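Here is a small set of exercises to work through with the structure open in your viewer. Try each task yourself before you read its solution.

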Amino acid sequence: MAFDGIVVADLVHELREELLNGRIAKIVQPEADELLLTIKSPAGQKRLIICADASLPLVYLTETNKTAPMTAPNFCMLLRKHISNGRIIDISQPKLERIIRFTIEHLNELGDLCRKVLIVEIMGKHSNIIFCTEEGKIIDSIKHVSAQISSVREVLPGREYFIPDTMHKADPLTVSKEEFASLLTRKPSPVSKALYTSFTGISPVVAEEICHLAGMDSSVPAKEYSVDILCHLFTQFEIFLSAVKEQRFSPAVYYDGREPKEFSALPLTHFSNYTKQEFSSISEVLRIYYSTRSQLTRIRQKSADLRHIVLTALERNRKKYDLQLRQLKDTENREKYKVYGELINTYGYNVAEGSKQLEALNYYTNEMITIPLDPTQTPQENAQRYFAKYNKQKRTFEALSELCKETRDDITYLESIQTALDIAITEDDLAGIKEELTEAGYIKRRFTRKKAKIKNTPLHYISSDGYHMYVGKNNLQNDALTFDFAVGNDWWFHAKQAPGSHVIVKTNGEELPDRTFEEAGKLAAYYSSMRGSEKAEIDYVEKKHVKKPKGGKPGFVVYYTNYSLVIDSDISGIQEI
């Protein structure tokens with residue numbers, strides 16, 4: 001995620017349109033490092049969130065109100081004293097820094113017109129909200145920074161405010177061609193890193209995009225490129241940033257399936273493998289991106305216990321399976337002992353008493369073999385010993401073959417649970433998986449008078465040709481989808497020999513077009529362990545040919561006639577309902 005100077009520029013542009021000449025009607029401080037301003041502007045009443053949290057600093061417009069604490073913190077009381085009912089006369093961004101300056105006009109205690117500046121610094125762990133006079137003297141800040149904390153700059157009442165220039169970065173909006181080449185070539189780092197460490201407001205993602213637009217390898221140091229190529233890079237650099245100068249922003253979120261991977265205020269063409277969703281405002285982008293990321297993080301945290309149960313069971317079964325395979329390998333020579341017994345019975349009359357071996361013709365292969373003998377036993381006893389060994393290994397082989405199959409089925413089942421946990425996006429999804437693990441005996445069911453109802457529905461997509469496609473999110477749902485919901489002529493899709501979801505395409509008795517087959521195949525690939533693969537093999541068959549074996553685990557099916565296709569797992573462009 002890149003909350004860089006370009007995103008801030010888009011944010012400033014939006015705030016100027018929405019808040020300029022607005023009056024600050026309400027100021028609350030819901031968290032220790034967060035402000036919520038209610039502003040009555042010409043565009044209507046707006047709420048502005050300003051957060052200086054070290055892990056997630058944010059500024060954006062919101063429609064959501066927050067509860068104010070019973071006792072307002074000192075910084076909040078100070079702002080109320082000075083700028084309550086103040087008018088926002090300017091919102092600006094110095095150079096392309098991650099800084100927003102709100103210039104507020106208000107009446108002081110004597111009724112004189114004054115100006116104050118509220119400065120928001122969005123700089124990771126150094127983020128802060130600083131309240132200053134028009135001349136730049138700090139009145140107070142939401143975080144105090146003393147000389148013991150920072151040797152670069154103190155942020156304390158009475159100190160002069162300035163922007164620390166520890167990196168000595170240049171302004172990308174005013175840099176000349178000669179200065180551009182000089183800044184890049186003096187650094188031995190890759191050209192993309194040289195870009196974002198030389199200019200303010202340029203993030204690694206933007207640096208990669210500029211290199212991509214110039215057709216350059218971003219991992220090669222700039223000094224290895226010729227002057228002409230660096231001139232070409234500068235041209236692309238200027239073209240890209242001209243959108244910032246002209247305020248031509250295109251806020252968007254880039255998704256990998258359902259997961260938001262990045263957001264930006266300008267187009268990122270090197271993210272062509274992601275699904276792009278455009279928005280009308282950068283505030284909406286920030287709200288949706290961070291709320292979705294927060295939801296996914298929360299689901300991953302809540303699924304940690306389930307993942308631990310599944311992973312522990314998987315490791316135990318895999319170790320057991322390896323041991324069973326080694327034991328099974330020890331029974332590979334069982335037929336040899338049967339032949340030894342038969343040959344001793346056939347040729348044993350020639351064996352002298354006390355012999356340690358028997359040379360005999362193996363009539364199965366017409367080859368001479370040497371059979372070890374116990375000299376203390378008769379030929380008949382030696383034969384019986386080999387037959388007993390053969391029968392024991394035969395019984396072991398039959399028992400282990402069945403056990404190996406059961407253990408392999410358990411491993412496949414648990415791997416399908418892992419895939420379902422990767423797909424889960426809501427707490428209901430996790431509840432469904434927990435119920436499945438409980439029914440399978442991996443989790444002990446706690447005594448309850450009434451079993452809780454789980455609201456969990458399959459994923460629903462519609463193909464480009466208008467056919468409805470459904471995706472199961474866990475094994476119980478897969479069974480219900482395949483055997484209760486689908487009818488005989490509907491098509492069933494699944495990743496070949498890989499844990500994943502059942503995908504059902506409703507045909508309504510019609511013949512499906514090729515494009516729908518391809519889109520359903522992509523869904524089957526994406527919602528499986530083959531996600532991210534460029535070539536995934538998908539089996540598909542009419543539902544009437546899919547059977548549930550007696551005693552089969554949830555989600556396990558068999559089919560003996562099917563078609564196959566090889567396709568990628570990119571589901572961008574497939575409409576979800």
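The exercises below deal with charges, rings and helices in this predicted model.

**Exercise 1. A charge and a histidine in helix α1**

Task: Find out which residues D10 is in contact with, beyond its neighbours within four places in sequence, and whether D10 is buried or exposed.

Solution:
- Step 1. Locate the residue: D10 belongs to helix α1, which covers residues 5-19.
- Step 2. Check its burial and its charge partners. D10 is buried and has no salt bridge. The nearest side chain of opposite charge is that of K276, 11 Å away, and a salt bridge requires the nitrogen and oxygen to be within 4 Å.
- Step 3. List the contacts. Apart from neighbours within four places in sequence, D10 is in contact with F249, P251, A265 and I282.
- Step 4. Turn to H13, which is also found in helix α1. H13 has a relative accessible area of 19%, and because buried means under 20%, H13 counts as buried.
- Step 5. Look at what H13 touches: leaving out residues up to four places away in sequence, these are Q247 and F249.
- Step 6. For a sense of distance, take the C-alpha atoms of H13 and T378. They are 101 Å apart, with their positions 365 residues apart along the chain.

**Exercise 2. Salt bridges across the sequence**

Task: How many salt bridges does the model contain, and which parts of the chain does the pair K302 and E427 tie together?

Solution:
- Step 1. Count them: there are 28 salt bridges.
- Step 2. Take K302 and E427, whose closest N and O atoms are 2.8 Å apart. K302 lies in helix α7 (residues 282-302) and E427 in helix α11 (residues 427-439), so this salt bridge joins parts that are 125 residues apart in sequence.
- Step 3. Add the accessibility. K302 is partly exposed at 43%, and E427 is partly exposed at 42%.
- Step 4. Move to D479 and K548, another salt bridge, with 3.1 Å between the closest N and O atoms. D479 sits in helix α12 (residues 475-485) and K548 in the loop between β19 (536-542) and β20 (563-567), 69 residues apart.
- Step 5. Classify both ends: D479, at 16% relative accessibility, is buried, whereas K548, at 31%, is partly exposed.
- Step 6. Finish with K522 and D568, which meet in a salt bridge at 4.0 Å, N to O. K522 is in helix α13 (residues 514-526) and D568 in the loop between β20 and β21 (575-576), so the bridge ties together parts 46 residues apart in sequence. K522 is partly exposed at 22%, and D568 is partly exposed at 26%.
- Step 7. Look for a network: R87, E105, R115 and E134 are linked in one by salt bridges.

**Exercise 3. Rings that pair**

Task: Why does the pair F493 and Y540 count as stacked, and which residues are linked into a cluster by ring pairs?

Solution:
- Step 1. Start from the total: the whole structure holds 26 aromatic pairs.
- Step 2. Examine the geometry of F493 and Y540. Their ring centres are 5.4 Å apart and their planes meet at 15 degrees, so the pair is stacked, because planes under 30 degrees apart count as such.
- Step 3. Place the two rings. F493 is in strand β17 (residues 491-495) and Y540 in strand β19, so the pair ties together parts that are 47 residues apart in sequence. F493 is buried at 0% relative accessibility, and Y540 is buried at 15%.
- Step 4. Follow Y540 to its stacked pair with Y563, at 5.5 Å centre to centre and 25 degrees between the planes. Y563 lies in strand β20, 23 residues from Y540.
- Step 5. Put the cluster together: W491, F493, F517, Y540 and Y563 are linked by ring pairs.

**Exercise 4. The span of helix α9**

Task: What span should helix α9 have at 1.5 Å a residue, and what covers its buried residues?

Solution:
- Step 1. Helix α9 (residues 334-347) has 14 residues and should span 20 Å. Its end C-alpha atoms are 20 Å apart, which agrees.
- Step 2. Among the buried residues of α9 are R334, Y337 and V339.
- Step 3. The cover over the buried residues includes β13 (357-362), β14 (367-372) and α10 (379-423).

Note on methods: Residues numbered from 1 in each chain as written. Predicted model: local features only at pLDDT ≥ 70, side-chain atom pairs only at ≥ 80, totals over all residues. Heavy atoms only, no water. Helix = DSSP H or I, 4+ residues; strand = E, 2+ residues; numbered from the N terminus. Buried < 20%, exposed > 50% of the residue type's maximum accessible area, 1.4 Å probe, protein only. Lys, Arg positive; Asp, Glu negative; His and termini not counted. Contact = heavy atoms within 4.5 Å. Phe/Tyr/Trp six-rings, centres within 6.5 Å; stacked < 30°, edge-to-face > 60°. Expected span 1.5 Å × (residues − 1).
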